[in-house]
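This briefing is meant to be read alongside the sequence and the coordinates. It takes up a surface patch, then the build of one chain, and then a pairing of charged side chains.

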Amino acid sequence: MLGDASILFQIAGIGIVVAMIHTILKQMGKEEYAQFASLVGFIIVLIFVIDGISDLFQQIKSVFLFRG
Amino acid sequence: MDMLQIVSLGIVASLLVVVVKEQKPSFAFFLILLTGITIFVIVIEYITEIIGLIEYLGVKANVNGMYIETILQIIGIAYIAEFGAHMVRDAGLSSVAAKIELAGKVLILVLAVPILKAVIETIIGFIPA
């Protein structure tokens, strides 16, 4: 999953799409749905990032001889 | 050529951040975070090789394994603290970043305690009672 730029494009794309959805829903007057859409997008991206962080920490642990 | 790859990754990431930042600053921050993680993961493969060399040298020189392990752990803590502090500072919380750095320093000192003890015991051994 890591080591290529596709995930960056993915996140940037999600960000732009979510911003668009947010704007459209706001224009339609559905403020709470707009907030909800933002929150969902945020959580999706957060999952990507947490995946990356856990991967990195596992690797650091194995490289720098942290046991337990 | 991995260097070119890393540099182009950084440039692509900064372009994407510039695009996304106007609409959603939080997503821009996640982009920054993931870029840092990706570069770190690429770099850590090379660090593995270097550490292999250090361990090999230690075995050849008959250095006690405990010391080399401690030194590697200290290097690891330094890397992690640096990484975390930079990330937190990017998010705009420089005071928390300073605390992370402080914690890194303290933990490094704690890890170095056995080595310091050994040094002090050696010195005391030199002094005739």
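In this predicted model, Phe36(A), Leu39(A), Val40(A), Ile43(A), Ile44(A) and Ile47(A) together make a nonpolar surface patch of about 550 Å². Chain B, described after the patch, is built from 4 helices and 0 strands, and the salt bridge count over all chains comes to 1.

**The nonpolar patch on chain A**

- Ile47(A), one of the residues that make the patch, has its place in helix 2 of chain A, which covers residues 31–63.
- Ile47(A) counts as exposed because its relative accessibility is 55%, and the cut-off for exposed is over 50%.

**Fold and dimensions of chain B**

- Read along the sequence, the pattern of chain B is α-α-α-α, in keeping with its 4 helices and 0 strands.
- The radius of gyration of chain B is 20 Å, whereas a compact globule of 129 residues would have one near 14 Å.
- The C-alpha trace of chain B spans about 75 × 35 × 15 Å when it is taken along its principal axes.

**Burial, surface and contacts of chain B**

- Of the 129 residues in chain B, 31% count as buried, a class that requires under 20% relative accessible area.
- The accessible surface of chain B comes to about 8,100 Å², and carbon and sulfur atoms account for 73% of that area.
- Among the contacts in chain B with a separation of 6 or more, 57% are between residues 24 or more positions apart.

**Domains of chain B**

- Chain B is divided into domain 1, residues 1–48, and domain 2, residues 64–129.
- The centres of domain 1 of chain B and domain 2 of chain B, taken over C-alpha atoms, are separated by 28 Å.
- Contact between these domains of chain B involves 7 residues of domain 1 and 5 residues of domain 2.

**The salt bridge in chain B**

- Side chains of opposite charge can pair when their charged atoms come close.
- Here the side chains of Glu101(B) and Arg89(B) meet in a salt bridge, with 3.6 Å from N to O.
- This pair links distant parts of the chain, with Glu101(B) in helix 4 (residues 94–126) of chain B and Arg89(B) in helix 3 (residues 65–90) of chain B, 12 residues apart.
- Glu101(B) counts as partly exposed because its relative accessibility is 24%, and Arg89(B), at 35% relative accessibility, also counts as partly exposed.

Methods: Residues are numbered from 1 along each chain as its sequence is written. Chains are lettered from A and ligands numbered from 1 in the order in which they are written. This is a predicted model: local features need pLDDT of at least 70, side-chain atom pairs count only at pLDDT 80 or more; totals for chains, interfaces and linings use all residues. Side-chain values use heavy atoms; hydrogens and water are left out. Patches are made of residues with over 30% relative accessible area and no salt bridge: like charges are joined within 9 Å, nonpolar side chains (Val, Leu, Ile, Met, Phe, Trp, Tyr) within 5 Å. Accessible areas come from the Shrake-Rupley method with a 1.4 Å probe; for residues, only the protein chains shown count as cover. A salt bridge is a side-chain nitrogen of Lys or Arg within 4 Å of a carboxyl oxygen of Asp or Glu. Helices (H or I, at least four residues) and strands (E, at least two) are DSSP runs, numbered from the N terminus. Buried means under 20% relative accessible area, exposed over 50%, partly exposed in between (1.4 Å probe, protein chains only). The radius of gyration is taken over C-alpha atoms; the globule rule is 2.2 Å times the number of residues to the power 0.38. Contact means heavy atoms within 4.5 Å. Domain bounds come from an automatic or database domain assignment.
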